[in-house]
Amino acid sequence: MSQPIRVCTLADLTPGEGLRVDTVIPPLAVFLTEDGDVHALDDTCTHQEASLADGWLEDCWVECPLHASRFDLRTGEVDEPPAKRPVRVHDASVVDGEVWVTLSTAVPNLPPGALGVS
Ligand code: FES
């Protein structure tokens, strides 16, 4: 099991928006929902190379900015094509105003071409 890493502060996050964190590979998208929940996912959409941190957040879903598939922030499941595979989710927690993420050990579902994936 991987160790938690500090990715940002809670103050870095805006409710209803995502923050791309590229200090880890593959990059993460960290979201603060309007309800105050923090979620961390792989940032790259599973369909093509789009940054989910730039997507639109509604409740616990983020809509890909490129082709509008939506991913559940809690499970990574996708609602409808063109994306077909879930995005990998990571455990996120807030301790003393800092956001910590424990990276999943699952294989990421990166799209063809991302980070050299064929
Ligand atoms: S790149 Fe995300 S749905 Fe196509």
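**Salt bridges, a hairpin and a charged patch**

In this predicted model, Arg-20 and Asp-43 are joined by a salt bridge whose closest N and O atoms lie 2.6 Å apart. This pair links distant parts of the chain, with Arg-20 in strand 2 and Asp-43 in the loop between strand 4 (38-42) and strand 5, 23 residues apart. The two partners can be told apart by their exposure to the surroundings. Arg-20 is partly exposed, because its relative accessible area of 42% falls between the limits of 20% and 50%. Asp-43, by contrast, has a relative accessible area of 0% and is therefore buried, a label given to values under 20%.

Why might such contacts arise at all? In general, side chains of opposite charge can pair when their charged atoms come close. A search of the whole structure finds five salt bridges, and two further examples are worth a look. The side chains of Arg-88 and Asp-42 meet at 3.0 Å, taken from N to O. Here again distant parts of the chain are linked: Arg-88 sits in the loop between strand 7 and strand 8, Asp-42 belongs to strand 4, and 46 residues separate them. Both Arg-88 and Asp-42 are buried. Another salt bridge brings together Asp-72 and Arg-74, with an N to O distance of 2.9 Å. Asp-72 counts as buried because its relative accessibility is 8%, which is under 20%.

Strand 2, the home of Arg-20, is also part of a hairpin. Its partner is strand 3 (residues 28-32), and the two strands pair in the antiparallel sense over five bridges. Six residues lie between the strands of this hairpin. Within the pairing, Val-21 stands opposite Leu-28 of strand 3. The loop between strand 2 and strand 3 contains Pro-26, and the peptide bond leading from Ile-25 to Pro-26 is cis, with omega near -10°. A second cis peptide bond runs from Pro-81 to Pro-82, with omega near 20°. Pro-82 is placed in the loop between strand 7 (70-72) and strand 8 (89-95).

Another contact concerns Thr-14, a residue of the loop between strand 1 (5-9) and strand 2. The C-alpha atoms of Thr-14 and Leu-32 are separated by 6.4 Å, although the two residues are 18 residues apart along the chain. Thr-14 counts as partly exposed, at 39% relative accessibility.

Turning to the surface, a negative patch is formed by Glu-17, Glu-34, Asp-35, Asp-37, Glu-58 and Asp-59. Two of its members can be described further. Glu-17 is found in strand 2 (residues 17-21) and is partly exposed, with a relative accessible area of 45%. Asp-59 lies in the loop between strand 5 (56-58) and strand 6 (61-63). With 63% relative accessibility, Asp-59 is over the 50% limit and so counts as exposed.

Asp-59 also has a notable backbone angle: its phi is near 55°, a positive value in a residue other than glycine. Ala-68 likewise has a positive phi, near 75°. This alanine is found in the loop between strand 6 and strand 7. Ala-68 is partly exposed, with a relative accessible area of 34%.

Definitions and conventions
Residues are numbered from 1 along each chain as its sequence is written. This is a predicted model: local features need pLDDT of at least 70, side-chain atom pairs count only at pLDDT 80 or more; totals for chains, interfaces and linings use all residues. Side-chain values use heavy atoms; hydrogens and water are left out. Patches are made of residues with over 30% relative accessible area and no salt bridge: like charges are joined within 9 Å, nonpolar side chains (Val, Leu, Ile, Met, Phe, Trp, Tyr) within 5 Å. Accessible areas come from the Shrake-Rupley method with a 1.4 Å probe; for residues, only the protein chains shown count as cover. A salt bridge is a side-chain nitrogen of Lys or Arg within 4 Å of a carboxyl oxygen of Asp or Glu. Lys and Arg count as positive and Asp and Glu as negative; His and the chain ends are not counted. The place of a charge is taken as NZ of Lys, CZ of Arg, CG of Asp or CD of Glu. Helices (H or I, at least four residues) and strands (E, at least two) are DSSP runs, numbered from the N terminus. Buried means under 20% relative accessible area, exposed over 50%, partly exposed in between (1.4 Å probe, protein chains only). Two strands pair if DSSP finds at least two bridges between them.
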